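Let's walk through this one together, starting with how its parts pack and then moving on to how its chains meet. Keep the 3D view open as you read.

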Amino acid sequence: MNNQGRPTRPVETAAWQTKTFTGNRGLDIEEPLLFEIGRPQTSGVDIDEAPDFADRLGAHARRGRIGLPGLSEPETLRHYVRLSRKNYAIDSGLYPLGSCTMKHNPRLNEKMARLPGFADVHPLQPVSTVQGALALVKHLSHALMTMTGMKAVAMTPKAGAHGELCGMMAIKAALMASGEGARKVVLAPESAHGTNPATAALIGMTVRPVAAGAGGMVSAQAVRAALGPDVAAIMLTNPNTCGLFEREIVEIAEAVHEAGAYFYCDGANFNAIVGKAKPGDLGVDAMHINLHKTFSTPHGGGGPGAGPVVLSERLAAFAPVPYVVEREGKLDLVEHAEGQELGRMSAFHGQMGMFVRALSFILSHGADGLRQASEDAVLAANYVRACLIDLMSAPFGDRPCMHEALFDDSWLKDTGVTTLDFAKAMIDEGYHPMTMYFPLVVHGAMLIEPTESESKASLDLFIMTLRDLAMSVQRGEVERFTGAPRLAPRRRLDETRAARAPVLRWTGAADRT
Amino acid sequence: MRYLPLSTDDRRAMLAKVGVADIDALFADIPETKRLGDLMDMPRAMSELSVERALAKLAAQNVAAGSAPFFLGAGAYRHHVPATVDHLIQRSEFLTSYTPYQPEIAQGTLQVLFEFQTQVALLTGMEVANASMYDGSTASGEAMLMAHRLTRRRKAVLSGGLHPHYAEVCSTLARFAGDEIDRCALDPGAEENLIARIDDETSCVIVQSPDVFGNLRDLTPIAEAAHAKGALLIAVFTEAVSLGACRSPGEMGADIVVGEGQSLGNPLTFGGPYVGLFATRAKFVRQMPGRLAGETVDADGKRGFVLTLSTREQHIRREKATSNICTNSGLCALAFTIHLSLLGEAGLMKLARVNHANGVDLAGRLAKIPGVEVLNQHFFNEFTIRLPKPAAALVEALAQRGIIAGCPVSRLSPGHDDLLIVASTEINTDDDRAAFADALRAAL
Amino acid sequence: MRYSQDHEFIDAAGEVATVGISDHAQAQLGDIVFVDLPEVGAKLKKGEPAAVVESVKAASDVFAPASGEVVAVNAKLGDSPGLVNEDAQGAGWLFKLKLSAPEELDGLMDDAAYADYLKTVG
């Protein structure tokens, strides 16, 4: 007889204090820093010894130690796998970060980017050996121009903000070429992303704010009032950061052009209108496209991104080097900056790894799938909005939005719960919070972008969770919020301490308090 | 469409809840004449298999570096990346997470960034490093702007050994910001007199070592001269592995160190995405661009990490920010950190030594070919040769014979048609180097 | 003690005045984590940005409430920026100005006027 029988049902026990010897809590394992577990003489890579030879480092040879710890291969895997499990991810749940567009990252795209013909190609190989890479750049360029209705595209910018810089440089170059270099004012609404004014400042321009109307949109009238002979460009996000399509965008573009200025569109929210409208038709002169948002090349915990900039006919001649051209049936590169109006944004040819992923995404969707994705993203945001509007408050009333639903904190007034508390309580429920306190023009903003990647069941559970939280606020269960999160790998972190006495690197146990 | 979970019934039910008759009602704010009625002029949705076929066809039109004896560097280097690195960076929790704005559920990314910052600081011999920039070239431009802020001066002196792409990125930024650049002519012999160019207006001197021609430079006298005039030394490198064999820029007096981190953990990928490294002295940290992870404690007193000193950044400081950078190179930084954790100090030094040995061996072989002159005295794994014929044509001829020979200087900047920059990392075998030398001898 | 509409206080004793941010301002900003002070010897005009007070999520310019030359800065704030929170109008002062136009103070609010002003700005 088997005498190894064990209970196979959980035994009811009194609430048990989860204090453990290791500090671990089941699958949530505490992991020290690399510098606390690694050893300088340990290596997880076997390297053949170099033969004896007379070195040619001269006096440049390194003396003394670097201080870098090493780990064996199994230790490395365990260290980083354990760390990874302390992260939330789109693969593990709905990630409603407005403006950031956390949608599904197809693994096909990863596989394609790793084909040796793309991943193992050097940017300075003879062009005869990279015709496929240049063809891919050309295909993607064509797709981006088709979707935006624009005449040219600069592919090298490395991320959205870099694309903004490139587009604004093209505008400044065009102004200088036409003797209008004295124009140094950029109009931008107060709801703009912080990158917009930061970019303008980088090229020696100053920002003149344009007030948004009560409806969360910029009016052509307000733009006209702000325009003048000193204005170089307007920087406008569309759909805007409140999740609304700028209704007067065509009139705004006309007014800007009449005044001799250019229209820069921040394309961070292009994902809402792909296949529904073309920025080129709306009068846009330059717009960056965040490939990592709209076309889902993964965010990777903060990059890499890619920020190609589409340009109108007036700006096409002001693209940076390098760019792909066709000569006698072969593709070639124009690489030298000398004599070019703009110059060069970065070494080499841009984020090729992201180009492959974006093209894979675009091909997979096709014209029909891209339009459906935009529609589903907008529908999902409106569905979330419609299901929450009775409990939470929206700054612009019960009107449709684009791909993100914006709420404010007026419904939290005098409850003792802030936007931050509400967001942190979502963590305990297994959700990443929405974007908080942005856009700045809305008090206690909560910007929810569900994207097209969620099933209806997923959206419904998310909605029910937020409704439960909202009702909990109404019931005055303040502690559920102010103490949250309680169930995450860490509770709220002391950011004041981090900023007052910054510890930005490991310095050894001796220095620690 | 396989990526879109909503069914037609779902959509209908959701539209009913929203209270509109059809989806177009939600796009009503788009001016009617500007709404696209038809599908865009693009192909329809494709199956996974079809997309694979289409992209594999394009990939096949390229010569992969691994399929040929390969000697190209000049800012991007082919190194062996352990399989563990690529496996780990494809973990969902790293690959598909956002910038760690919610630290309670992003400790994985934040701790990695803290480890990355520490590794970069150690490697460069500096006190602090940020959580990465786009790449080495843009990091150089940002370093120049940071020096301008610190010194309140607006002139940068650029060495002729600085990678021409990096110099062009700096020049482009300077031109649009209205700042001054004093750029030395391309200088294969590392003979330029940078010190003579530093004056009271100079904000910074930007010098690369190993330089674009592979020369190792002693930065100490340049640092001293710069400091004597109140200017800063910005040290640049494009081959991170060289730091395992060569003196660190920090040791030589650099104030800001920037470099390309691609060599560790990241494939060539035709030029990007790469990872810019950026390190400086602690006293300059508030003028540093980019994100920073810092240590702190949580409500229970447990150690944890957060993004900190954010008031430097665009989302708070807007037009007064230190940079407009937002997204950086998180996943490439992760690859860098994992590769360097695997190597450790011993592994990195060994790897660097093998690279140097291979470079020295190749230089010896090529120097024996009549008409070929090796220009470098001291170098790491890359050097420059003078050829009796135009380098670009020779490289093309060797490519036809299956050898990727190096980078003609004329590819980077017009002129110097007879110079070829050649690199040999640990991936090259004796046979590869012999094949290259034989082929070059034959082509000459 | 006098106050500006931007919530700076200025406390003149003779021709040298102490400048900082009001207690109300520090409460609005939250935990102060860094203070960027002007250089001693800097000549400021009334209304010019003179210093920056930073919390974790915000950076606020401090404007010179009157014209003058900076003759001292509060070095203790380097290590202890929290002094601004603890004692904004005392130990948490920012810098001292040698006034070049003392009559400018007449245009500023006194305690009572500032208290009324705070009621209007909510």
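Before looking at how a helix sits on a sheet, it helps to know that an axis here is a line fitted to C-alpha atoms, for helices over the stretch in contact, and that angles run from 0 to 180 degrees between N-to-C directions. One thing to keep in mind throughout is that this is a predicted model.

With that in hand, look at chain B. Helix α8 (residues 220-228) of chain B lies across β4 (202-208) and β5 of chain B, and its direction is at about 150° to β5(B). Those strands belong to an open sheet of seven strands in chain B, with mixed pairing and the order β1-β7-β6-β5-β4-β2-β3. At the edges sit β1 (128-129) and β3 (180-183) of chain B, each pairing on one side only. Strand β5 (residues 232-237) of chain B runs parallel to strand β6 (residues 256-260) of chain B, and four bridges join the two. If you want a spot to zoom in on, find Val236(B), which stands opposite Val258(B) in β6(B).

Now swing over to chain A. Here, too, you'll find an open sheet of seven strands, in the order β1-β7-β6-β5-β4-β2-β3 and with mixed pairing. Its edge strands are β1 (152-154) and β3 (206-210) of chain A, each with pairing on one side only. On average, and ignoring direction, neighbouring strands of this sheet are turned by 25° against each other. Strands β5 (residues 262-266) and β6 (residues 286-288) of chain A run parallel and are joined by two bridges. In one of these strands, β6(A), Ala286(A) is the bridge partner of Tyr264(A).

Two helices of chain A are worth finding on this sheet. Helix α5 (residues 131-148) of chain A packs on it and touches β1, β6 and β7 (309-311) of chain A, with its direction making about 125° with that of β1(A). Helix α9 (residues 249-258) of chain A also packs on the sheet, touching β4 (231-237) and β5 of chain A, and makes about 140° with the direction of β5(A).

So much for the sheets; how do the chains meet? The size of an interface is often given as the accessible area lost when the parts come together. Chain A and chain B bury about 17,600 Å² between them, 63% of it on carbon and sulfur atoms. In chain A, Arg56(A), His60(A) and Leu504(A) lose the most area to chain B, though together they make up 5% of what that side buries. The contact involves 217 residues of chain A and 196 residues of chain B.

Between these two chains there are 108 residue pairs in polar contact. Helix α12 (residues 352-388) of chain A gives the largest share of the side that touches chain B, 29 residues. That side of chain A divides into 110 nonpolar, 58 polar and 49 charged residues.

There are also 15 salt bridges between chain A and chain B. In one salt bridge, Asp120(A) meets Arg78(B), with the closest N and O atoms 2.7 Å apart. Asp86(B) and Arg114(A) also form a salt bridge, at 2.8 Å from N to O. Asp86(B) lies in helix α3 (residues 83-89) of chain B and Arg114(A) in the loop between α3 (107-113) and α4 (116-119) of chain A, so the pair joins two chains.

Finally, turn to chain C. Seven residues of chain B are in contact with 11 residues of chain C, and the area buried between chain B and chain C is about 630 Å². Arg286(B), Thr311(B) and Arg317(B) supply 60% of the area that chain B buries there. Four salt bridges cross this interface, and in one of them Glu54(C) pairs with Arg317(B) at 3.2 Å between the closest N and O atoms.

Notes
Residues are numbered from 1 along each chain as its sequence is written. Chains are lettered from A and ligands numbered from 1 in the order in which they are written. This is a predicted model: local features need pLDDT of at least 70, side-chain atom pairs count only at pLDDT 80 or more; totals for chains, interfaces and linings use all residues. Side-chain values use heavy atoms; hydrogens and water are left out. Contact means heavy atoms within 4.5 Å. Buried area is the accessible area (1.4 Å probe) that two parts lose on being put together, summed over both. A salt bridge is a side-chain nitrogen of Lys or Arg within 4 Å of a carboxyl oxygen of Asp or Glu. A polar contact is a pair of N or O atoms within 3.5 Å; within protein, one must be able to donate a hydrogen and the other to accept it, and residues adjacent in sequence count only if both atoms are side-chain atoms. Ala, Val, Leu, Ile, Met, Phe, Trp, Tyr, Cys and Pro count as nonpolar, Asp, Glu, Lys and Arg as charged, and the others, Gly among them, as polar. Two strands pair if DSSP finds at least two bridges between them.
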